[in-house]
Amino acid sequence: MPANRRTRIGLRTVALGYLGLLLAFPVAFVFYRTFENGLGAIWDALTTPNAIHALELTLIMVAVAVPLNTAFGVLAALVIVRGRMPGRGFINAIIDLPFAISPVVVGLALFLLYGRQGWFGSWFLDQGIQIIFSTPGMILATVFVSLPFVVREVIPVLREIGTTQEEAASTLGASPWQTFWRVTLPAIRWGVAYGVVLTTARALGEFGAVSVVSGKILGETDTLPLYVEQRFQAFDLTGAYAASALLAAIALATLLLMTKLKPREAET
Amino acid sequence: MIEVRDVTKHYNGFTALEGVSLHVPAGSLTALLGPSGSGKSTLLRVIAGLESPDGGQVLIDDDDATAVPPRRRGVGFVFQHYAPFKHMTVRSNIAFGLKVRKRPKAEIRERVDELLALVHLEGWANRYPAQLSGGQRQRMALARALAVQPRVLLLDEPFGALDAQVREELRIWLRRLHDEVHVTTVFVTHDQEEAMDVAEQVAVINEGRIEQIGSPRELYESPANAFVMEFVGPVTRLGDDEVVRPHDVSIETEPVSGGREALVKRVAHLSFEVRVELALDDGRDIWVQLTRAQAEELELEPGHIVWVRPMAGRLAAAV
């Protein structure tokens with residue numbers, strides 16, 4: 001039907017145009033501007049001690065937040081979907097808080113709690129642990145804002161697979177622990193993997209909450225996103241673009257890695 | 001051997017099982033037969049330990065299993081839709097029970113090969129469940145359940161999800177398998193023909209209660225009540241409480257005591273049987289099943305007036 005065909009092509013153009021203008025074009029532009037001044041300039045911009053430190057700190061954020069939120073996310077999803085205890089609905093609701101609250105507010109809340117005058121902050125300071133304006137506070141902020149992803153990806157998968165495979169495992173003699181590792185986890189692995197990718201992306205890129213608690217001490221509490229802003233403010237556009245491109249490249253690599261790992265069997 | 005004693009199970013006000021007692025002799029093949037929602041699957045799940053009863057006891061081989069978790073009951077369970085482990089090959093599915101028991105690799109391999117042969121899936125060991133047909137998936141589920149040498153084998157609607165022809169084949173095959181393996185087996189079905197064909201003992205369940213337990217022949221010939229009679233075979237109703245098998249109604253051409261006047265409406269010559277449709281004097285439609293010889297002797301034609309009565313002792317007991 002020709003009329004339908006025209007509608008279809010029209011719809012496609014709109015959809016692709018929208019995606020291109022809002023998503024692909026800005027990302028591509030960052031890469032374009034980055035490579036404009038040649039590879040040498042990028043290399044120089046990324047190998048300054050401050051840039052290297054920012055990259056290290058960012059990777060630390062990811063290395064702590066992702067495993068923590070993955071373990072917690074799977075556990076919380078199991079409790080919400082399979083558990084029988086009261087208060088499941090409440091847990092389910094508060095897990096979305098990090099989505100609902102602006103990251104800056106999260107940063108402020110952490111600041112108030114763990115700051116020098118905060119409820120917990122002074123106790124930690126007495127133990128010689130500084131949380132705000134230091135790595136622990138930034139980790140807390142990152143964990144907070146990237147918490148819901150794994151839970152939200154795993155819940156629908158758990159619902160869909162149902163309980164019969166787990167019941168089958170139990171009649172075959174598997175302990176709850178064996179059932180989890182051999183049956184449940186493999187069945188939800190793509191939900192977990194997707195949640196991990198989203199968590200990684202968020203942990204890499206978080207700006208607002210981390211910015212409030214970090215104090216932005218160059219070379220000490222600067223993550224890559226903060227470093228981008230700092231370079232930008234300092235009119236060092238090459239440095240800002242190079243760091244941005246690095247951030248985007250890490251995120252894209254994570255996404256590609258997951259797509260590559262996904263075997264054919266999962267498609268059927 | 002399985003012994004169920006006075007088991008009761010409620011779900012939020014709904015009674016799934018009410019005082020159910022059942023004895024399944026060692027090595028037998030028993031069917032739990034009932035309409036959907038009758039509680040038959042719940043009873044099977046209680047035996048497996050997948051549901052815990054509110055009251056009563058479950059004994060397996062004389063051990064009280066009521067509080068024992070499913071993994072220690074020694075039951076093999078075949079789920080209605082087989083519950084295959086989708087991320088594992090057929091071989092790994094069947095080996096699962098042995099692997100979690102940490103048996104030596106060589107022993108597992110040998111046992112799985114045996115089972116693959118038993119269920120005729122030798123060439124399919126390295127496929128995934130998604131690549132199998134319904135019948136093959138079911139045989140895989142059976143092999144998986146048998147791998148751990150269960151004390152009892154429980155099957156939930158084993159043929160329910162298959163098409164008619166495959167059902168028939170698997171029925172015969174399950175019978176043969178039971179003769180070969182000889183494990184105490186209980187299966188759930190809503191299909192009376194399936195139950196009567198495959199099982200040695202049938203328990204008819206309705207609304208959470210066992211209506212009758214007996215051999216297929218006992219159920220057919222001396223049903224405990226009208227429900228059982230209706231559920232396990234064809235019936236016709238001469239009155240609100242007069243339920244009888246259509247071949248247990250006699251037709252006379254002359255008035256007889258206890259006989260009721262009826263008008264012949266249609267005579268259908270099916271293969272061996274002849275089916276006569278009649279209208280009673282009160283307008284109720286009934287049908288009677290005759291043999292060819294009986295029908296020829298009576299020379300029935302539509303429009304004839306005859307007298308019908310149930311044969312002695314053949315009316316169902318009132319519910």
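Here is a quick tour of the strand pairing in chain B of this predicted model.

Let's start with the six-stranded sheet. Reading across, chain B lines its strands up as β6-β7-β8-β3-β9-β10, and the sheet is open. The pairing is mixed. Which strands sit at the edges? Those are β6 (75–78) and β10 (209–214) of chain B, each of which pairs on one side only. On average, neighbouring strands in this sheet are turned by 15° against each other, ignoring direction.

Inside that order, β3 and β8 of chain B are neighbours. They run parallel and are joined by five bridges. If you want a spot to click on, try B:L32, whose bridge partner in β8(B) is B:V188.

Now for some antiparallel pairing. Strand β1 of chain B is linked to β4 of chain B through five bridges, and B:V4 has B:V58 as its bridge partner in β4(B). Next, β4(B) also pairs with β5 of chain B, this time through two bridges. There, B:L59 stands opposite B:D64 in β5(B). The β4(B) and β5(B) strands make a hairpin with two residues between them. What is the sign of phi at B:D61 in the turn? Positive, at about 50°.

Here are the three pairs side by side:

| Strands (chain B) | Residues | Direction | Bridges |
|---|---|---|---|
| β3 and β8 | 29–33 and 184–189 | parallel | five bridges |
| β1 and β4 | 2–11 and 55–60 | antiparallel | five bridges |
| β4 and β5 | 55–60 and 63–64 | antiparallel | two bridges |

One general point for looking at side chains: in a regular strand they alternate between the two faces of the sheet.

Definitions and conventions: Residues are numbered from 1 along each chain as its sequence is written. Chains are lettered from A and ligands numbered from 1 in the order in which they are written. This is a predicted model: local features need pLDDT of at least 70, side-chain atom pairs count only at pLDDT 80 or more; totals for chains, interfaces and linings use all residues. Two strands pair if DSSP finds at least two bridges between them. Helices (H or I, at least four residues) and strands (E, at least two) are DSSP runs, numbered from the N terminus. Axes are lines fitted to C-alpha atoms, for helices over the stretch in contact, and angles run from 0 to 180 degrees between N-to-C directions.
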